[in-house]
Amino acid sequence: MATGSESSLRQRSTVPKHPQSRDDSNNTAEDAPKNVIKSVFTSAEKTNSLIALAGLTAVAIFVRFYKINEPDEVVFDEVHFGKFASYYLRGSYFFDVHPPLAKMMLAAMGYVIGYDGHFLFDNIGDKYNDNNVPYIGLRALPAFLGAMTVPLVYMTMREAGFPILTCALAAFFVIFDNMLVTQTRLILLDSMLVFFMMCSIYSYVRFYKTRNNPFSLKWWSWMIATGVSIAMTTSVKMVGLFTVATIGVAVIWDLWELLDIRRRLTMQQFMNHFYARAIGLILVPVVIYLFWFYVHFAILVNSGPGDDFMSTEFQETLKGNTMADGIYVKYGDNITIRHKDTSVYLHSHYHNYPLRYDDGRISSAGQQVTGYSHEDPNNLWQIYSDSVENTKFGKQVKDKDVIRLLHVTTSSWLLAHDVASPTMTTNEEITTYSTNEDGSRFNETTFQIILESGGDKLRTMASNFKLLHQATKVAIWTHPQKLPDWGFEQQEVNGNKNIVQKSNLWLSDLIEGKNASEIDQESSKAVKKRSFILKFLELQGKMISHNAGLTDSHPYQSLPIEWPFLAKGISFWTENDTRKQIYLVGNPLGMWIAVASLACIIGVSGADLLSRRRGFYPLNQDVQKRFYYATGFFFIGWVFHYMPFFLMGRALFLHHYMPALVFSYMVLAAVHGFIFIEGVDGPISDPGPETRPRQVQRAVVPVVAYATGIILMAIHLGSFLFFAPLSYGTSAISVAGLARRKFLPQWDFHFAK
Amino acid sequence: MYTSENIKRRNPVGSSTTRDQSLQQPQDDHHHSNSQNRASADPYGQNPLKPAFQQQQHQQAGGYGYRDHYQFGYAPPRKEYSANKYIRFYQENDYILIPTLLTLVSFWTRFRDIKSSDIVVWDEAHFGKFGSYYIKGEFYFDVHPPLGKMLVGLSGALAGYDGSFGFDSGAKYPDIGYGFMRIFNAFFGAIMVPLAYWTSQELRMSQTACIFAAVLVLFDNAYLTISRFILLDSMLLAATCFVFFCLTRFRNERHDPFSLDWWLWLAMTGVAIGLVSSIKWVGLFVTALVGLNTIEELWDLFGDLSLPKTTYIKHWAARAACLIALPFSVYVASFALHFAILRNSGPGDAQMSSLFQASLNGNDFRSNPLYVAYGSKVSIKNTGYGGGLLHSHVQTFPEGSRQQQVTCYHHKDNNNNWIIKHAKREEVPEDAGSAPRILRDGDLVRLGHEQTNRSLHSHPIKAPVTSAQWEVSGYGDDSTNDANDEWVIEIVDENSRHPKDGQLRSLSTTFRLRHRVLGCLLTAENVNLPQWGFRQIEVTCDTRNRTNSPHSIWNVEQHWNDKLPAGEGNLYKSKFWKDFWHLNVAMMTSNNALIPDPDKEDVLASNPSQWPLLAVGLRMCGWGDDAVKFYLLGNPIAWWGGTLSLGVFALTVFYYIVRRQRKFQDVSPMEWEQFLAAGKLLVGGWFLHYIPFCIMGRVTYLHHYFPALYFSLLLFSFVIDHFVNRPAVSSKVRNVVWGVAFAAVTFTFLFFWDVSYGIRGPAAETMKSRQWRGAWNIIDDHKPNTFI
């Protein structure tokens, strides 16, 4: 997007001898323009453009809002984002890997339409109407912003100097993309993301066009608007950083040009430019980003499902948190040990593992150790140190201490050994070993206690810990699989070789006989204070580490390389009775045309680069500049919103391609214009006090451009309508119909048989 | 530093074409006059006794650095000769005396006391053993290409070792000449030092800087330590240094294309690439550096409009021949030699195709019964490159059907044995004594796993990794089986002289197994299962009906059937290219399986982020008080300096280009070009050898950083040289800086002497002062970050 202002003054009618030269000194008075006007566009043209804009916007609103009440069930990730909106309305603390803005917008929408947050969106397919949830209002916000993306795309293209046809083409493709439609009609974050992203791009284009009047009010306004928009984008999802990078690259390029001594700026002037951008594009966004977190903490004052993700200090700031109930555990105490994920107690009883399992494997036939979900005296374990002589009774249990656990009612030591567990051959069996026998198995009964949170001393409720078996390096673990009848259908407990797994965490609920007496009930009511910046830093760190940790595989995850080609879709929602389904898939024909246009960009710029290297200048200079600075900028946007995903280790989904997809449609329209439209409209930037007015030049839009544009739109629309039933989920498709729509074998539709 | 008056006189940076021409022209004149005027007396002139690269060095040294000062009236200091004839002798011959001296010191440091530990240290257990296989000629398999290990074998053969020692880790060496084998390896480590010196010369560093670069390599404890054992690293490092040297040497010939020297060094670069890639695939990183440099050169030439098109095509052709064809030939040749030496059956057989195995001496496949029949016991081999043997074991799938796992496995054991049964029990002939029925195309079979009696089974349940295909499991037994156990044999081809008569022969007939009910094909793409499947290869039933995919085609490898006569003679011959690809794919597959195992606490592995600042060391052997202990640890000053110089270089470049945008020229265009070119090579080399390790998923160790380190060490010297070797810096300051640098590196090396040459006695007592960073485990047995 960046260019030298003086080079835009160059006379159009003669082809410069050396287009690479930036020396303008030979521009003389005879280059002076013949007619000086403020805009290249006539008023009739402006009216046409407005009509096109209004029409497209209306269509966009219709397409997004069509039957928005269907299905009246929870769809896909509405499970998460609807739930988070409810938590805001309740003020209960929750944890999510995304920044808060979009979820707060949803909550605000809910607040406005009188929703109280009573529903938790637990499962896909839960009925909204049965639960009295005003879901249409909640969906209306993303749908509206999704629709508003369309005029933004149109206006961005228009401001970048493209003819109405090109702008309309881009907007049309954005309207009728099935993925954008599906994703923006539901209670999800991506429509806000794309909306703010387009606000950023639009504002930046406007800002850049005012570059001949630096530090003017308009200049400042659009720059601040850009800064605010990128902050809003990033406050929706961290993906907004890609937008920041896109704009950042353009800004750095622009600054680099300003630094060039031939621009005749003094260092002082240059630094003013630099500081202005630092304020508008760094400081303002950071403040806004932090502000939303401030609001986030201000709303979520109650203890909630997100407590466990945070540090003890953080949890103590929440009303109703259990942290203050914690008391320090000492050697000799009888404690219960509860599994953090599945909330079962570590349990044992006078029953042994069967010697031979159904599959023929043999066990140690030792005493069973299980996970039990109810309170029971058999859940009590007494803590001993790893030394027989020095039991350390009365001393506090510290991080990394090596301990032994005595099962109180059966008087036996907890033990792990290299015998396969009942249900998992890869994991170790956990059993106990009676105190009556000799001490020969002492080494198999020692465990190291590793505190993952809550200070360096073991405290009930507050400390999450792992129990790491010293001899064989396994962590005590349990999982929801039930043991057969011989284990009373209690949960299996075994030794997990993967000691880093998060689900190895346990916590101690209570100390027998001490809880009632030692907890100061008054103190638990007090809510502590903690500075905002500390809270923010902790949450931000947790968001990043959790996001990177989302590596569990998901049946609908896909690889970035598959996205542009739409190799895989996502099943969002199904209804067995009616055989309806929502299946997220882009508009296949539109997306494939978009890929072709991206390849076109690479091909054309490559050919141009090669020929210029050989001294040929195949493109008219203004066309070339528009090609690189406008089309190229959108292409860079696509690259920056797409390529970073290749470096991410987390599970990725098709809808991560949405921001890049919008850029690819803009590129598509621009490439169409590049091929079929002759010349460009110009100048489009605001003239400044030092710019000499230049001759106006106009693009010629031949009939063939309209014809091909209409053909492209027809293909795109046809493809959209063909897949619309899958995108809206409003009607069932026959088996044969699904087979026809299965363009690629990997698209795993439901009800296809 | 130039003032603004100077700027006006100076030509701003033009296009690179004009720059090249404007710079080259005067330089050539300069060189010309130099060589004529001073040829006889001056060492800058031609001296027929000097090697070619020395000539070039001095010719250009006359131009480089001083040349621009020349233009502005700054004369280069003439070399003044001492009256003392010995000193004069030195001065006249320093170009040969300095590297010789450095090499001698290098030999001394590398060879001294090399037998101080008489046990098998660290990976000597691997590479010593691989060397033994060459001596014995037994076929083995390893993830690395063969050249380095063949050299180990050669060193053993030269030392008179007969290949009988097992090289068990920590075992005491018998009298097998291991000292010689270590010296052989150490030799490669030692020649890195003169290579560093000469490479620095090619990068146009001052003589002091060249010496400093060489000293950094010489006195790096890590290079020293790793060179002194029977490992591939010293060869890899030496070869990497040699590639880089050839590259810089070739670059300096660019003004004289197609001359003899140009061809020589281009070809040498190609050969060196071939060698380094034949030692370890890490060599591909330096190959990438050469590749990028070549692309840049070709791009520059492309912009030279005065260059005839035919010449330009010649440039391409020359590079294609020397940098692609030549290295590839070297690589292939190393494999040809590998196959030629390893003629006997050995532990690596199972990685190769059945036909290849049958051609090895000592293999009994040939005596297998020829025709496969119902009731035969067989092992079944996947014909895809890197394919394994169909395998099953008692462990079950943790998800999906939770039935018994079926995988592909590359080692021979009894779990690979399957018995070919009639699909339905009622078809079993009554008379057990009758002749077995030979299998034919289209026959329906059930495959029973010999050890567990489970049948090969598939069903519409998603496979564990390739979820688009169906899972294959072991299910049921002879009494319980269902239609999902039935497979149809589809014969594909016959690789022997026998006619294609639809009969199934062991080894030579390839066939598919099609699931009768689902119609899918038994397939093993080279996809590794997670840890629960022991990283063996996933077997699926592929619904895509890709009948030509070698991964869906199988052959019978071993075959037992008492009722059939033994086969006769060798009808089989495998082709070299097939074997070559087969082995390379197998290496790739095994390499991919070397990913960190979260179940195992690997105290030796480290994270790439820990390397540049030397946050970790590595214990190379047991840490008992009586043992001679080696700790793989770099010279901290050298490592930190190298890493720091990367940052300093980046900042310097940033500073210069910002200043140039404002038309301040702190360095002359010539210096600037040289500065950028050398920096590009060094920083590029460092990046290409470091960043891939951050991205790749496989388990990484400290010594993976060593090739990258070489570039950062050279850059360290280069950056110091850049700042002190300029007119504004007085010679006193220059000497002090260099003096401090030399002293710091040397003393640190001496301080960490024991770490490299062996710690004797309890480390906790003697090594306390060496614990410079908390995470080093020289003393304590702790391993930080184990759980995080």
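Reader: Quick one before we dive in: where do domain bounds come from?
Author: Domain bounds come from an automatic or database domain assignment. Keep in mind, too, that what we're looking at is a predicted model.

Reader: Got it. So what are the domains of chain A?
Author: Chain A is divided into domain 1, made of residues 38-295 plus 569-741, and domain 2, residues 322-514.

Reader: And how many Å separate the centres of those two?
Author: Taken over C-alpha atoms, the centres of domain 1 and domain 2 of chain A are separated by 53 Å.

Reader: What does the C-alpha trace of chain A span along its principal axes?
Author: About 110 × 70 × 55 Å.

Reader: What about chain B, which domains does it get?
Author: In chain B, domain 1 takes residues 103-335 and 610-767, while domain 2 takes 364-426 and 436-581. The C-alpha centres of those chain B domains are 46 Å apart.

Reader: Ok, secondary structure. How many helices and strands does chain A have?
Author: For chain A it's 20 helices and 14 strands. In chain B you'll find 22 helices and 15 strands.

Reader: What share of each chain is buried?
Author: Chain A has 753 residues, and buried ones make up 56% of them. Chain B has 788 residues, with 55% counted as buried.

Reader: And the accessible surface? How many Å² for chain A?
Author: About 31,300 Å² for chain A, with 60% belonging to carbon and sulfur atoms. Chain B comes to about 32,500 Å², and carbon and sulfur atoms account for 60% there.

Reader: Switching topic: what does UniProt say about chain A?
Author: An unreviewed UniProt entry carries the annotation "domain: MIR" for residues 326-386, 394-453 and 455-511 of chain A.

Reader: What do those look like, in terms of helix and strand? Say 394-453.
Author: Residues 394-453 of chain A are 0% helix and 48% strand, and the end C-alpha atoms lie 23 Å apart. For residues 455-511 of chain A, the figures are 0% helix and 46% strand, with 18 Å between the end C-alpha atoms.

Reader: I keep clicking on strand E11 of chain A. Is it buried or exposed?
Author: Buried. E11(A) covers residues 491-496, and six of its six residues are buried, so the strand is largely enclosed by the rest of the structure.

Reader: Which strand does E11(A) join through five bridges?
Author: That's E10 of chain A, residues 475-482, running antiparallel to E11(A). In that pairing, Ile476(A) stands opposite Gly495(A).

Reader: Any other partners? Which strand holds residues 428-434?
Author: Strand E7 of chain A, and it pairs with E11(A) in the antiparallel sense over two bridges. Glu429(A) sits opposite Asn494(A) there. Strand E3 of chain A, residues 367-372, is also antiparallel to E11(A), again with two bridges. Look for Thr370(A) opposite Glu492(A).

Reader: Now the greasy bits. How many residues has the largest nonpolar core?
Author: It has 154 residues, and those with the most contacts inside it are Met157(A), Phe572(A) and Phe634(A). Helix H8 of chain A, residues 190-209, gives this core its largest share, 14 residues. There's also a second, separate core of 147 residues, with Phe139(B), Phe165(B), Val215(B) and Ile778(B) among its members.

Reader: Back to Met157(A): what does it touch?
Author: Leaving out residues up to four places away in sequence, Met157(A) touches several residues, including Phe162(A), Cys167(A), Phe634(A) and Met666(A).

Reader: I landed on Ser155(B) too. Where is it found?
Author: Ser155(B) is in helix H7 of chain B, residues 147-158.

Reader: Buried or exposed?
Author: Ser155(B) is buried, because its relative accessible area is 0% and buried means under 20%. Beyond residues up to four places away in sequence, Ser155(B) touches Phe180(B), Met181(B) and Phe184(B).

Reader: Last thing: where does UniProt place the "transmembrane region" feature in chain B?
Author: The unreviewed entry puts that feature at several stretches of chain B, including 179-199, 316-341 and 679-699.

Reader: How much of 316-341 is helix?
Author: Residues 316-341 of chain B are 100% helix and 0% strand, with end C-alpha atoms 36 Å apart. Residues 679-699 of chain B come out at 81% helix and 0% strand, and their end C-alpha atoms lie 30 Å apart.

Definitions and conventions
Residues are numbered from 1 along each chain as its sequence is written. Chains are lettered from A and ligands numbered from 1 in the order in which they are written. This is a predicted model: local features need pLDDT of at least 70, side-chain atom pairs count only at pLDDT 80 or more; totals for chains, interfaces and linings use all residues. Side-chain values use heavy atoms; hydrogens and water are left out. Helices (H or I, at least four residues) and strands (E, at least two) are DSSP runs, numbered from the N terminus. Buried means under 20% relative accessible area, exposed over 50%, partly exposed in between (1.4 Å probe, protein chains only). Accessible areas come from the Shrake-Rupley method with a 1.4 Å probe; for residues, only the protein chains shown count as cover. UniProt positions are given in the numbering used here, feature names are shortened, and annotations may be inferred rather than shown by experiment. Contact means heavy atoms within 4.5 Å. A nonpolar core is a set of buried Ala, Val, Leu, Ile, Met, Phe, Trp, Tyr and Cys residues joined through side-chain atoms within 4.5 Å. Two strands pair if DSSP finds at least two bridges between them.
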